[in-house]
Amino acid sequence: MAAAEGQISPRAWHEVVLQALKRNDIRLVPYVPDRVLTTLIKDIHADPFFTTFPTAREEEAVGIVSGAWMGGMRGAILMQTSGFATLANVLASLAIPYQIPLIMFVSERGTLGEFNYGQSLVCRTMRPVLDSLAMEHHTATRLDEFEFIVDRSIKQAITTQAPVALILSPLLTGGKVFDK
C-alpha cells in the first residue's frame, strides 16, 4: 500500500504496525509485556506520538482504551495469545455492545513448536471465541499482505465502531525463541 503511494515500504512487521497506528491517529497503546512484541513496544515508547504503558492484565487495557474512545481518543492494545483467555467477558459486555473500535494486536503462541500446553489450549479456542462473539479477526502470516490487513482492519473498526483482533502468527513475527 505505501509503495503504491510512492513511499518506501517498511522492512519489518513491527515497523508496519507503528506506521499504521500513526497513519490512523491511534495514539494510546497500553500493553501487557510480551517477548515477541518487545521491539514494537520499545519503538512505541521511543516515539513521542504515542502514550504507552504496561498494564497488569488485558482486561485493564480494554477498559483504558474503551474509556479513551468515549473521551475522543483512539487506542490499540498489544498482548499475547494467553492473555486473550481472560477477555471474553469484557469484549461481550463492554467493547462489542458499546461499539468500541478496539484494535487488538495479539502475538500468537500455542502453535508451531509450542512447548506450553496451556498456550496451545488458548490458541485453539481463541478463534472460535472471536467467531462466537461475531468479532472481526485476521491472522497475519505474510509481510507482503500485512500492511494492507492492518490498515484496512483499523479503518473498518473505526468506521463500523466494532473491535478487531489482529493475530500475529509466528510465520510473520518469527515467534518466541525457545531457549535450550
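A residue counts as exposed when its relative accessible area is over 50%, and as buried when that area is under 20%. Values in between are called partly exposed. Keep those cut-offs at hand for this tour of a predicted model.

**Stop 1: alanine 134**

Select alanine 134. Look for it in the loop between H6 and E5. Is alanine 134 buried or exposed? Its relative accessible area is 72%, so alanine 134 is exposed. Now check the backbone. Alanine 134 is not a glycine, yet its phi is positive, at about 55 degrees.

**Stop 2: arginine 127**

Step back into helix H6, which covers residues 117-132. Select arginine 127 in this helix. Its relative accessibility is 22%, so arginine 127 counts as partly exposed. Which residues does arginine 127 touch, not counting those up to four places away in sequence? Highlight Glu108, His137, Thr139 and Ile167. Next, draw a line between the C-alpha atoms of arginine 127 and threonine 139. The line should read 9.5 Å, and the two residues are 12 residues apart along the chain.

**Stop 3: helix H7**

Select residues 143-160, which make up helix H7. H7 has 18 residues. From its first C-alpha to its last, H7 reaches 26 Å, close to the 26 Å expected at 1.5 Å a residue.

Which residues of H7 are buried? Colour Phe146, Glu147, Ile149, Val150, Asp151, Ser153, Ile154, Ala157 and Ile158. As you look along the colours, recall that an α-helix has 3.6 residues a turn, so residues three or four places apart point the same way.

Now show what the buried residues of H7 pack against:

- helix H1
- strand E4 (103-107)
- strand E5 (136-140)
- strand E6 (164-168)
- helix H8 (170-173)

**Stop 4: glutamine 161**

Move just past the end of H7 to glutamine 161. Glutamine 161 sits in the loop between H7 and E6. Its phi is positive, at about 50 degrees, although glutamine 161 is not a glycine. With a relative accessible area of 33%, glutamine 161 is partly exposed.

**Stop 5: helices H1 and H2**

Show H1 (residues 13-23) together with H2 (residues 38-46). Two packed helices are described by the angle between their axes and the distance between the axes. For H1 and H2, the angle is about 40 degrees and the axes are 9 Å apart. H1 passes H2 in a right-handed crossing.

Which residues make the contact? On the H1 side, select Trp13, His14, Val17, Leu18 and Leu21. On the H2 side, select Thr39, Leu40, Asp43 and Ile44. Sorted by class, the contact has six nonpolar, two polar and one charged residues.

**Stop 6: the aromatic pair**

How many aromatic pairs does a search of the whole structure find? The search finds one. Select phenylalanine 49 and phenylalanine 50 to see the pair. Their ring centres are 5.0 Å apart, and their planes stand at 80 degrees. Planes over 60 degrees apart count as edge-to-face, so this pair is edge-to-face. Both phenylalanine 49 and phenylalanine 50 are buried.

**Stop 7: alanine 95**

End in helix H5 (residues 88-95), where you should select alanine 95. Is alanine 95 buried or exposed? Its relative accessible area is 0%, so alanine 95 is buried. Leave aside its neighbours within four places in sequence, and alanine 95 is in contact with Val90, Ile100, Leu102 and Pro163. Last, pick glycine 63. Its C-alpha atom is separated by 8.5 Å from that of alanine 95, and the two are 32 residues apart along the chain.

Key. Residues numbered from 1 in each chain as written. Predicted model: local features only at pLDDT ≥ 70, side-chain atom pairs only at ≥ 80, totals over all residues. Heavy atoms only, no water. Phe/Tyr/Trp six-rings, centres within 6.5 Å; stacked < 30°, edge-to-face > 60°. Buried < 20%, exposed > 50% of the residue type's maximum accessible area, 1.4 Å probe, protein only. Axes fitted to C-alpha atoms, helices over the stretch in contact; angles between N-to-C directions. Helix = DSSP H or I, 4+ residues; strand = E, 2+ residues; numbered from the N terminus. Left-handed = near helix turned anticlockwise from the far one by under 90°. Contact = heavy atoms within 4.5 Å. Nonpolar A, V, L, I, M, F, W, Y, C, P; charged D, E, K, R; others polar. Expected span 1.5 Å × (residues − 1).
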